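Trainee: Could you give me a close look at how the helices pack in this model? I'd like to know who touches whom and how they cross.

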Amino acid sequence: MSSATTIVFGPTGHVGSAAAITAAQLGAKVVLALRDTQKPIPGLTADQEKSGSYERIQADLNKPETIEAAVRTTGAKSAFLYLAYGTPDHMRGTIEALKASGIEFVVFLSSFAVDGDLRSIEPSNIVAYLHGQVEINLEEVFGADGYVAVRPAFFNTNVKWWAGMIREGEVKIAHPNSAFDWISPGDIGRVAGTLLVQGFQATSGAKERNFITLCGPKLVSQGDAMGIFGKAIGKDVKVTEVNEEEGVKILIENGVPEFVAEPLVKSVAAAKSGSNQYAGGRYTEGSLNLKKYAGQVTSLDEWAVANKEVLGV
């Protein structure tokens with residue numbers, strides 16, 4: 001599929017930009033689909049974009065008619081997309097527009113929260129439910145060999161939730177000794193870009209071919225992670241443990257939606273008791289998949305040094 005054209009929705013995001021750049025490096029012509037075609041692409045200078053195999057086009061995942069027009073105009077055969085919040089049909093119209101306009105294969109940025117039978121996920125588990133519904137629509141529209149969902153766990157960029165406290169030198173957090181996998185969005189994007197070019201055959205031999213679980217290279221406690229980010233900006237960070245209620249309140253005050261903050265604190269509480277989201281071999285599987293499909297893996301220390309701007313410095 002290397003000579004084919006691929007369309008990347010959301011290329012201004014950390015994952016989307018890496019997916020686009022990786023696909024281009026692997027020989028694909030890449031269409032950058034944006035709501036605002038003037039926005040810069042992270043990691044891609046204007047000169048690089050001009051000299052490379054890139055094309056910009058206006059499109060909006062919430063407006064299926066723009067999707068169909070963009071694909072037909074460019075002749076793209078594969079597409080990268082992410083969850084567009086606020087679509088009452090769980091992106092069904094968008095997915096059908098992709099299919100109708102000639103897309104043959106889709107890579108969807110899903111979530112590690114999705115696990116088990118998609119149709120058994122309760123709406124109260126909102127992150128898993130919303131992503132799972134899109135996966136169901138992809139299966140029904142594109143068939144079992146027409147898509148792969150990438151399910152990464154805890155993004156490094158989530159550190160922005162604590163950025164202000166890190167800059168001030170004290171982070172108040174619930175269960176600081178509980179760990180996350182801390183995965184680089186760029187590594188996730190490299191996985192997605194590789195899949196865009198290689199297609200469904202990339203998952204040949206895998207037990208489950210329609211989704212790929214991804215985890216970072218090392219489980220790092222919240223407290224240690226705050227120290228790593230502090231070191232990256234030359235700041236000694238004191239970590240103060242608070243109770244769960246206070247931990248949720250602090251996250252919400254720092255811009256985390258309540259429907260994310262509460263499950264997040266509950267997940268780290270579960271980690272403390274040993275019954276967490278990484279149990280049952282999911283972490284091992286996810287970390288091995290990252291190495292397999294990304295081709296390179298970024299440590300949290302490396303990422304923190306290279307991405308200080310996420311902390312507002």
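Mentor: Start with H3 and H4, where Pro-64, Ile-67, Glu-68, Val-71 and Arg-72 of H3 meet Gly-93, Thr-94, Ala-97, Leu-98 and Ala-100 of H4 (contact means heavy atoms within 4.5 Å). Sorted by class, that contact has 6 nonpolar, 2 polar and 2 charged residues (nonpolar is Ala, Val, Leu, Ile, Met, Phe, Trp, Tyr, Cys and Pro; charged is Asp, Glu, Lys and Arg; polar is the rest, including Gly). The charged pair is Glu-68 and Arg-72, both from H3, while the polar pair, Gly-93 and Thr-94, comes from H4.

Bear in mind that this is a predicted model, where local features need pLDDT of at least 70, side-chain atom pairs count only at pLDDT 80 or more, and totals for chains, interfaces and linings use all residues. Numbering runs from 1 along each chain as its sequence is written, and side-chain values use heavy atoms, with hydrogens and water left out.

Now the geometry. H3 covers residues 64-74, and its axis comes within 8 Å of that of H4, crossing at roughly 20 degrees (axes are fitted to C-alpha atoms over the stretch in contact, and angles run from 0 to 180 degrees between N-to-C directions). H3 and H4 are therefore roughly parallel (under 35 degrees; over 145 is roughly antiparallel, 65 to 115 roughly perpendicular, the rest oblique). The crossing of these two is right-handed (near helix turned clockwise from the far one by less than a right angle; anticlockwise is left-handed).

Stay on H4, residues 92-100, and look at its contact with H5, residues 126-142: the two axes come within 10 Å and cross at roughly 30 degrees. That makes H4 and H5 roughly parallel too, and their crossing is right-handed. On the H4 side you'll find Arg-92, Ile-95, Glu-96, Leu-98 and Lys-99, which meet Val-134, Asn-137, Leu-138, Glu-140, Val-141 and Phe-142 of H5. The split here is 6 nonpolar, 1 polar and 4 charged. Asn-137 is the polar one, and the charged set is Arg-92, Glu-96 and Lys-99 from H4 plus Glu-140 from H5. Leu-98 is worth clicking on: this H4 residue meets H3 and also takes part in the contact with H5.

While you're there, step back along the chain to His-90, in the loop between strand E4 (78-82) and H4. His-90 isn't a glycine, yet its phi is positive, about 55 degrees.

There's a similar thing at Trp-182, also not a glycine, with a positive phi of about 50 degrees. Trp-182 sits in the loop between strand E8 (179-180) and H7 (helices, H or I of at least four residues, and strands, E of at least two, are DSSP runs numbered from the N terminus).

That brings us to H7, residues 185-198, which packs on H11, residues 282-294, at about 55 degrees with the axes 8 Å apart. At that angle, H7 and H11 are oblique to each other, and H7 passes H11 in a left-handed crossing. From H7 come Asp-187, Arg-190, Val-191, Thr-194 and Leu-195, and they meet Leu-290, Tyr-293 and Ala-294 of H11. Count them by class and you get 5 nonpolar, 1 polar and 2 charged residues. Asp-187 and Arg-190 are the charged ones, and Thr-194 is the polar one. On the H11 side, Leu-290, Tyr-293 and Ala-294 count as nonpolar.
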